[in-house]
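Work through the following exercises with the sequence and the model side by side, and try each task before reading its solution.

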Amino acid sequence: MENLTPKQRMLNAYRGPQNDRFAVAPEFWCYYPAKVLDVPMIEFEREIPFWKSLKSVFERYDCEGWGIFIPSFQNENLETNVVLNGYEETTSYDYCGKHFEVKKMYDQAESCWQTKHLATEETLSDVIDMLLDPKNVYDFHAARQAHEAVGESYLLELWMGMPFFDFVAELIGFENAVLYFVDEDKAVLRSYRERYTQYQKEFIKQAAEQTDYESFMMGCSYSCNSLIGQQMWRKWDKPYIKEITDTVHQYQKLIHIHFHGKSIETAEDFAQIGLDCVCPFERGPGGDVTTRDDLKYVRCALDDKVTFNGNVHTVESLIRGDEKKVRSEVRQIKEVFAASNRIIIGTGDQVGRETPEENIIAMIEEAKR
């Protein structure tokens with residue numbers, strides 16, 4: 001088999017054809033690209049296109065990878081204003097006579113964080129009206145440019161937001177969202193979920209028709225076993241993810257979902273939904289895919305229908321470990337998935353800036369053997 005490009009290896013892993021070798025894709029998210037580019041985080045997050053920074057890092061280490069492009073929308077009834085005061089950024093939204101604000105704090109060394117959420121329980125309905133307005137118009141021009149510029153360097157995916165719980169939690173905060181889902185009239189929540197689902201279906205349709213992106217990516221903030229538990233996830237998020245996955249597949253596109261923390265108990269759910277790829281299958285203590293038996297169980301549950309991506313421990317192996325430990329972990333993954341084409345050797349979430357470069361190189365070299 002002739003040598004494939006990094007993007008081709010990722011797509012083969014998502015779809016199932018045999019690769020010329022294992023795809024190896026460390027999750028270079030923000031900290032390590034900022035380190036490689038030698039820029040402070042505030043400059044990295046505000047001034048450097050994310051897709052462009054990833055291209056530099058994946059090409060530097062000659063490996064596979066994935067990243068996202070987040071398209072923006074406009075609305076004739078919406079005015080947006082962004083003000084940076086020192087390290088605090090305030091984004092104001094004026095929509096149909098109503099005013100909303102979200103505040104972020106930037107830092108020279110850390111990724112930004114919210115200091116004020118966009119909505120409260122009292123204003124949530126109005127904010128949802130704004131975000132899910134059918135008149136929102138997406139401009140995919142920049143998305144197409146980024147996709148073309150990345151080329152075969154890695155798999156650039158189109159961002160399509162969060163699961164339903166996270167959609168609400170990102171607006172009012174995690175603790176408030178947990179209480180809201182427990183106490184709120186379930187008919188109201190089902191109504192919000194239906195609106196969110198239909199809005200996202202229309203987004204998928206437009207994106208599929210107006211871009212050449214091969215894959216969509218769904219993120220994760222709190223929607224996982226470790227934070228909201230399997231029961232809430234299965235009740236509120238699994239049906240949404242299933243419907244979105246079916247819609248993506250209708251347009252012959254792929255879907256990749258990020259799922260933090262513990263994942264063994266929902267591995268079978270991933271296969272039932274029909275996802276194309278799931279990451280990062282973290283090892284303990286943050287995750288629960290730690291031993292060889294854990295890996296075997298997950299592989300059996302995924303049934304070679306869903307691509308397994310991740311699992312090299314970002315802290316105990318990549319940051320605190322040495323090359324020997326990193327290579328041993330990679331070999332363990334390779335051995336368990338030896339006869340499978342649905343495997344990407346990745347990291348259990350993003351690579352920290354403290355990671356010694358020799359450990360990253362060891363991970364990539366061992367995966368390529």
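The exercises below deal with charged pairs, aromatic rings, nonpolar cores and backbone geometry.

The model is predicted, so local features need pLDDT of at least 70 and side-chain atom pairs count only at pLDDT 80 or more, while totals for chains, interfaces and linings use all residues. Residues are numbered from 1 along each chain as its sequence is written, and side-chain values use heavy atoms, with hydrogens and water left out.

**Exercise 1. Salt bridges between separate elements**

Task: Locate the salt bridge between K7 and E214, and state which parts of the chain it ties together.

Solution: Begin with the criterion, by which a salt bridge is a side-chain nitrogen of Lys or Arg within 4 Å of a carboxyl oxygen of Asp or Glu; the structure holds 27 of these salt bridges. For K7 and E214, the closest N and O atoms are 2.8 Å apart. K7 belongs to helix α1 (residues 6-15) and E214 to the loop between α9 (186-210) and β10 (215-218), so the pair joins parts that lie 207 residues apart in sequence. Here helices (H or I, at least four residues) and strands (E, at least two) are DSSP runs, numbered from the N terminus. Next, consider accessibility, where buried means under 20% relative accessible area, exposed over 50%, and partly exposed in between (1.4 Å probe, protein chains only). K7 is buried at 7%, and E214 is buried at 16%.

**Exercise 2. A second pair and a network**

Task: Describe the R21–E64 salt bridge, and then place the E366–R331 salt bridge in its network.

Solution: In the salt bridge of R21 with E64, the closest N and O atoms are 2.9 Å apart. R21 sits in the loop between α1 and β1 (23-25) and E64 in the loop between α4 (50-61) and β2 (66-69), so this pair ties together parts 43 residues apart in sequence. Both R21 and E64 are buried.

For E366 and R331, the closest N and O atoms are 3.7 Å apart. This pair links distant parts of the chain, with E366 in helix α15 (residues 357-368) and R331 in helix α14 (residues 323-336), 35 residues apart. E366 is buried at 5% relative accessibility, whereas R331 is partly exposed at 36%. The network of salt bridges links R327, R331, E365, E366 and R369.

**Exercise 3. A buried charge**

Task: Is E282 buried or exposed, and which side chain of opposite charge is nearest to E282?

Solution: E282 is found in the loop between β12 (277-279) and α12 (292-302). E282 is buried yet has no salt bridge, and the nearest side chain of opposite charge, K262, is 9.7 Å away; in this count Lys and Arg are positive and Asp and Glu negative, while His and the chain ends are not counted. Leaving out residues up to four places away in sequence, E282 touches several residues, including H260, N311 and D349, where contact means heavy atoms within 4.5 Å.

**Exercise 4. Aromatic pairs**

Task: Classify the ring pair F140–F203 by its geometry.

Solution: Rings of Phe, Tyr and Trp (its six-membered ring) pair if their centres lie within 6.5 Å, and planes under 30 degrees apart count as stacked, over 60 as edge-to-face and the rest as tilted. The structure holds 27 aromatic pairs. The ring centres of F140 and F203 are 5.9 Å apart and the planes stand at 45°, so the pair is tilted. The pair links F140, in the loop between β8 (137-138) and α6 (141-150), with F203 in helix α9, 63 residues apart. F140 is buried at 1% relative accessible area, and F203 is buried at 4%.

**Exercise 5. Cores and cis peptides**

Task: Which residues have the most contacts inside the largest nonpolar core, and where do the cis peptide bonds at P280 and P285 lie?

Solution: A nonpolar core is a set of buried Ala, Val, Leu, Ile, Met, Phe, Trp, Tyr and Cys residues joined through side-chain atoms within 4.5 Å. The largest has 95 residues, and F28, M160 and L171 have the most contacts inside it. A second, separate core of 16 residues includes A13, Y14, M162 and C279.

C279 is also joined to P280 by a cis peptide bond, with omega about 5°, and a cis peptide bond joins G284 and P285, with omega about 10°. P280 lies in the loop between β12 and α12, and P285 is found in the loop between β12 and α12 as well.
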